[in-house]
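Open the model in your viewer with both the cartoon and the side chains available, and follow the selections below in order.

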Amino acid sequence: MRGRARVAAAACAAVVALALGTGACASGSAAGGETTLTVLAAASLTETLNAAKPAYEREHPGVKPRFSFAGSQELAAQVRQGAPADVIATADERTMSGLGDDVTKPSVFATNRLRIAVAPGNPKRVRGLADLTRKDLTVVLAAPTVPAGRYARQALGRAGVNVAPRSEEKDVKSVVTRIRLGEADAGIVYGSDVAAAGKAVSGVAIPDAQNVTARYPVAVVSTTEHREHAQALVTWMSSPAFRKELTARGFGTP
Amino acid sequence: MITTPKAVRPRVPALLWIPAAGALVLIVLPLAGLVVRAPWAQVLPRLTDPAVTESLRLSLVCSFAALGLSLLVGVPLAWLLARVEFPGKALVRAAVLLPLVLPPVVGGVALLLAFGRNGLAGPLLDAAGVRLPFTTAGAVLAETFVALPFLTLSVEGAIAGLDRRHEEVAATLGSGPLRVFGTVTLPLVAPALAAGGALAWARALGEFGATITFAGNLPGETQTLPLAVYLLLQDDPDAAIVVSLLLLAVSAALLIALRARWLSPLRSRPGALP
């Protein structure tokens with residue numbers, strides 16, 4: 001019996017060591033003078049950031065950004081739970097301001113307008129938000145907790161239409177996937193998502209009077225161990241080079 | 001060295017103690033985290049929130065429907081695998097077990113490609129007026145997909161381990177094969193049926209990936225408790241913790257209840273003749 005406490009302590013130590021080891025790997029080490037920056041980014045930024053990555057690495061030797069894409073709220077939850085991240089870019093300012101002191105000095109680097117995503121060639125002839133109430137259409141929206149879902153409901157409110165979605169997807173990319181697979185006929189997504197999907201979906205414009213502009217802020221996570229590199233990445237996201245990448249992919253710039 | 005089993009307790013080497021205790025810490029510590037961090041003052045108001053009770057109701061409906069469906073098709077499948085020889089049986093068994101190791105999201109995608117609007121069986125289902133994605137039936141199907149192997153595996157093992165003389169005696173006394181199956185075989189494998197059923201039900205209750213991928217997420221229709229936890233975590237972490245506690249309590253209660261009544265007899269070999 002006398003060894004039991006010692007054994008338990010050793011077991012705890014083993015597990016803690018394991019956890020720390022994993023954590024250290026995840027936060028990125030500076031082995032060989034190379035810094036890995038963990039960037040949490042809204043799902044709608046997937047293609048743009050991936051495309052801009054090689055250029056960034058060329059301009060910043062020794063720094064490797066690593067992206068984790070998800071719904072903005074999910075990313076914010078990860079930061080609140082202390083996930084080892086250096087930079088966070090969300091699809092709305094509300095989520096970012098909800099992070100308070102967990103991030104430093106958010107700045108808006110991109111904007112995005114809503115579009116209706118439909119099957120290629122728009123076979124169901126969707127012409128606007130009012131059509132989304134049609135009984136022959138299966139409509140999906142992002143969940144109201146996700147920025148894209150909140151904006152979609154704002155736009156529907158401005159248009160004075162009441163839509164009953166068949167599913168509330170966990171992020172905006174899942175809405176596009178439903179359209180791509182043909183499970184849904186229409187969904188409200190960002191213009192950048194329609195551009196990113198290429199020929200797999202078509203977009204239907206939403207008039208300015210009904211549309212909502214999403215503003216994308218980016219900020220350095222307060223707990224970062226690579227503050228300088230993280231700040232440099234944030235600054236770079238407002239550079240002309242990155243703005244060109246953004247506009248080519250259906251985004252606007254502030 | 002000669003010892004009587006009673007006199008000397010085997011010494012458990014530290015080499016086994018330490019990793020075993022580590023495993024326990026790994027499992028228990030997260031559960032403790034959930035209990036310690038829970039906003040206990042808010043538990044009652046959160047649990048009576050209509051959104052939560054709606055998801056709970058749906059979760060119970062779907063998980064028990066998935067259990068029923070698993071029993072309906074899984075027990076005959078188990079019997080087939082245990083008793084009938086046919087070509088390609090090893091492949092069939094592997095296919096039956098696949099959902100155990102397949103990531104549930106992949107299962108959801110596979111279900112979409114099979115039963116979705118543009119899936120393999122899509123036109124057939126469409127003609128029959130059946131729509132599975134975005135419906136409660138779809139959620140049940142997704143849960144059954146992941147839960148079925150637990151039941152089949154457990155029941156197949158029990159049937160294969162049965163002493164066949166019981167059934168032979170019943171048959172010589174004039175019982176038909178179906179009657180033998182219902183009155184002799186099934187009662188003999190009841191403990192395995194209960195254990196497999198409990199595991200299948202618990203797996204169905206906790207199902208997330210296949211459900212959200214195949215059936216979507218709509219409160220009252222397909223948003224079961226795990227989906228509610230996931231979405232609440234993004235918006236209202238405290239509520240997510242409370243709902244997680246509820247899931248934990250429901251699962252633990254069922255396992256404890258079943259352990260007392262059904263799981264213990266598993267230790268004795270079923271169907272051994274006296």
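Leaving aside its neighbours within four places in sequence, which residues is A:F109 in contact with? Bear in mind, before selecting anything, that this is a predicted model. Select A:F109 and display its surroundings: once neighbours within four places in sequence are left aside, the residues in contact with A:F109 are A:L45, A:A89, A:Y216, A:P217, A:V218, A:M237, A:S238, A:F242, A:L246, A:T253 and A:P254.

Now widen the selection to the largest nonpolar core, which has 66 residues and in which A:F109, A:L132 and A:Y216 are the residues with the most contacts. Colour strand β4 of chain A, residues 103-118, since this strand gives the most to the core, with six residues. Then colour domain 1 (31-111 + 215-248) and domain 2 (113-213) of chain A separately: both give residues to this core, so the core lies between them. A second, separate core is the next selection; this one has 20 residues, and among them are B:C62, B:V75, B:A82 and B:F181.

With the cores marked, show chain A as a whole, where the secondary structure comes to nine helices and nine strands. Of its 254 residues, 51% are buried, and if you compute a contact map restricted to separations of 6 or more, residues 24 or more positions apart account for 75% of the contacts. A surface on chain A exposes about 11,300 Å², with carbon and sulfur atoms supplying 54% of that area.

Turn next to chain B, whose secondary structure comes to 13 helices and zero strands. Its C-alpha trace spans about 60 × 60 × 30 Å along the principal axes. Among the 274 residues of chain B, 38% count as buried, and, for contacts with a separation of 6 or more, residues 24 or more positions apart account for 74%. The surface of chain B exposes about 14,800 Å², of which carbon and sulfur atoms supply 73%.

For the last stop, stay on the surface of chain B and select B:L24, B:L26, B:I27, B:V28 and B:L31, which form a nonpolar patch with about 480 Å² of accessible area together. Within this selection, centre the view on B:I27, which lies in helix α1 of chain B, residues 14-37. Is B:I27 buried or exposed? Its relative accessibility is 55%, and because exposed means over 50%, B:I27 counts as exposed.

Note on methods
Residues are numbered from 1 along each chain as its sequence is written. Chains are lettered from A and ligands numbered from 1 in the order in which they are written. This is a predicted model: local features need pLDDT of at least 70, side-chain atom pairs count only at pLDDT 80 or more; totals for chains, interfaces and linings use all residues. Side-chain values use heavy atoms; hydrogens and water are left out. Patches are made of residues with over 30% relative accessible area and no salt bridge: like charges are joined within 9 Å, nonpolar side chains (Val, Leu, Ile, Met, Phe, Trp, Tyr) within 5 Å. Accessible areas come from the Shrake-Rupley method with a 1.4 Å probe; for residues, only the protein chains shown count as cover. A salt bridge is a side-chain nitrogen of Lys or Arg within 4 Å of a carboxyl oxygen of Asp or Glu. Helices (H or I, at least four residues) and strands (E, at least two) are DSSP runs, numbered from the N terminus. Buried means under 20% relative accessible area, exposed over 50%, partly exposed in between (1.4 Å probe, protein chains only). A nonpolar core is a set of buried Ala, Val, Leu, Ile, Met, Phe, Trp, Tyr and Cys residues joined through side-chain atoms within 4.5 Å. Domain bounds come from an automatic or database domain assignment. Contact means heavy atoms within 4.5 Å.
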